[in-house]
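User: Could you walk me through how some of the labels on this model were reached? I'd like to see the reasoning behind each one.

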Amino acid sequence: MHEFGGLPIVRRLARDSFLLLAGAFLLLRLLQVPPWDQSVDAYAYWTTRSGDLYGTGGAGAIGAYVYTPLFAQVMRPLVLLPWPVFVTLWTAINFAALWWLLGRWSLPALLFLPIPFEIISGNVHLLYAAAIVAGFRVSATWVLPLLTKITPGIGLLWFAARREWRSVGLAVAVVSALVLLSIALDGKAWRTWLDVLAGSSSTPVTLGWFLPITLVVRLPIAFVVMVVAASTDRRWLVPVAVTLAMPVVWLNSLAVLAACIPLRWPAIESAATRALGTPTMLSSAGPDAVS
């Protein structure tokens, strides 16, 4: 294969095409060109700038924020930005997460509809995918799912089932410290959030595709998948379990499955697989690298 600049032409073409597409979309966001000026979930995060976190309805409502107060507190510096700047930055973060996970495979990955839908809507599913992969090295990254949608934190069972108590302890310690600090800053918001959580449904009546199976049914299945994943050393099953454990499985929730690629096929070249270690290292860890 011909080389150019030390990279095969096909690889460079895939990279440059993805960067060009991402750059063009970010420009449309920044200039607020309809319909790309809209981003439902990103807008929900941005509305927390008002300080009224839970006054916009439940899951599925336009502008509804249903995550913990801590996430809003962490996002505070970003949401103070003007909407065009915020939505452009948030979209760039999602593009970056996809590239980190898949590298030059990011461009064909856009053919998997949940991924472009996720980038357009601006949810946290691609960030979950990145957190899952990184979590095998630093379990504290499970803070993100635990303090947003809560139940996807089921991924911590990987460490518990394998008796990796140090990893469990690190994640629990980080979550506990952050929650205590957040409560000290705004305990009233946490009480309101608990009320919102109690009234939420995993089968909302709203526009948009979602899996019409209640969390009560899906969560035990996710638990079994996690136990199987941990006992057979199949890391790529963890994103599957996390997806099943979502409070609501929207179409774009399936973007979490992007994490299956670097976990199932560590030979693909991306920052995620480099963070996990070499293919040889992963293969020596168990069957999940080759099964």
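**Reading the labels**

Analyst: Happy to! Tyr45 and Trp90 are both buried, in what is a predicted model.

User: What makes Tyr45 and Trp90 an aromatic pair, and why is the pair called edge-to-face?

Analyst: Their ring centres are 5.7 Å apart, and rings pair if the centres lie within 6.5 Å. The planes make an angle of 80°; over 60 degrees counts as edge-to-face, so the label follows. Since Tyr45 belongs to helix α2 and Trp90 to helix α4, the pair ties together parts 45 residues apart in sequence. Tyr45 and Trp90 also belong to one aromatic cluster, whose members include Tyr54, Phe71 and Trp83.

User: How do you know that Phe25 and Phe95 form a pair?

Analyst: The structure holds 18 aromatic pairs. In the pair of Phe25 and Phe95, the centres are 6.2 Å apart and the planes 75°, so the cut-offs of 6.5 Å and 60 degrees make this pair edge-to-face. Phe25 sits in helix α1 and Phe95 in helix α4, 70 residues apart, and both are buried.

User: Why is Val33 called partly exposed?

Analyst: Its relative accessibility is 31%, and partly exposed lies between 20% and 50%, so the term fits. Val33 is in the loop between α1 and α2 and is part of a nonpolar surface patch with Leu27, Leu30, Leu31, Trp36 and Val85.

User: What makes Arg235 sit over the ring of Phe136?

Analyst: The charged end of Arg235 is 4.7 Å from the ring centre of Phe136, and the distance limit is 6 Å, so that part of the test is met.

Definitions and conventions. Residues are numbered from 1 along each chain as its sequence is written. This is a predicted model: local features need pLDDT of at least 70, side-chain atom pairs count only at pLDDT 80 or more; totals for chains, interfaces and linings use all residues. Side-chain values use heavy atoms; hydrogens and water are left out. Patches are made of residues with over 30% relative accessible area and no salt bridge: like charges are joined within 9 Å, nonpolar side chains (Val, Leu, Ile, Met, Phe, Trp, Tyr) within 5 Å. Accessible areas come from the Shrake-Rupley method with a 1.4 Å probe; for residues, only the protein chains shown count as cover. A salt bridge is a side-chain nitrogen of Lys or Arg within 4 Å of a carboxyl oxygen of Asp or Glu. Helices (H or I, at least four residues) and strands (E, at least two) are DSSP runs, numbered from the N terminus. Buried means under 20% relative accessible area, exposed over 50%, partly exposed in between (1.4 Å probe, protein chains only). Rings of Phe, Tyr and Trp (its six-membered ring) pair if their centres lie within 6.5 Å; planes under 30 degrees apart count as stacked, over 60 as edge-to-face and the rest as tilted. A charge sits over a ring if NZ of Lys or CZ of Arg is within 6 Å of the ring centre and within 35 degrees of the ring normal.
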